[in-house]
Amino acid sequence: SQALQHVMEQRLILEAATDYLKSYPFYKMLGTHSSGERVKRMFDDAESEDVVVTGCPGGKIEHSSNCVACPAGTYANTAASPQECTTCAYDKYSAAQSNECSACPSGKGTLEIGSDNANDCIDVC
């Protein structure tokens, strides 16, 4: 349908914009997640605490002996080595300091990865 084609075109545009943004200092590409989803860390904008890390509280990861809060649109992937803030996939979203991404309600999806609010979930035809 025409609406689905429009959504797919928008996703391609947003993916191209994401690729362009990776040249900025706050967007540090770490590689590719096993599912092929790009992942990133955003430590330049993240809040950190000066503590000796023996385990970070929920929604934070260990980085250079500090606990760093994961920004909205990502989740604390403490199973990764090294730990990382992993970008939420399409059709998912998260608030800052999340341990996981939440799925959009049935029949709804997002136009981009890294959505940070349930309001980003729109009707899918």
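In the predicted model, C67 is buried, with a relative accessibility of 3%, whereas its disulfide partner C56 is partly exposed at 24%. The sulfur atoms of C56 and C67 lie 2.4 Å apart, which falls within the 2.5 Å cut-off for a disulfide, and the torsion about their S-S bond is about -95°, so this disulfide is left-handed. The pair links distant parts of the chain, with C56 placed in the loop between β3 (48–49) and β4 (60–63) and C67 in strand β5 (residues 66–69), eleven residues apart.

A second link is formed by C88 and C101, with a sulfur separation of 2.0 Å and a left-handed torsion of -85° about the S-S bond. Because C88 lies in the loop between β7 (84–87) and β8 and C101 in the loop between β8 and β9, this pair ties together parts that are 13 residues apart in sequence. Both of these cysteines, C88 and C101, are buried. The two also appear among the contacts of S94, which include A72, G73, T74, C88, E100, C101, S115 and D116 when residues up to four places away in sequence are not counted. S94 itself, located in the loop between β8 (92–93) and β9 (102–103), is buried, with a relative accessible area of 2%.

C104 and C121 are likewise joined, S to S, at 2.0 Å, and the torsion of about -75° makes this disulfide left-handed. C104 is buried at 10% relative accessibility, and C121 is buried at 7%. Altogether the count comes to four disulfides, which follow the pattern 1-2, 3-4, 5-6, 7-8 when bonded cysteines are counted along the chain.

Terms used
Residues are numbered from 1 along each chain as its sequence is written. This is a predicted model: local features need pLDDT of at least 70, side-chain atom pairs count only at pLDDT 80 or more; totals for chains, interfaces and linings use all residues. Side-chain values use heavy atoms; hydrogens and water are left out. Helices (H or I, at least four residues) and strands (E, at least two) are DSSP runs, numbered from the N terminus. Buried means under 20% relative accessible area, exposed over 50%, partly exposed in between (1.4 Å probe, protein chains only). Contact means heavy atoms within 4.5 Å.
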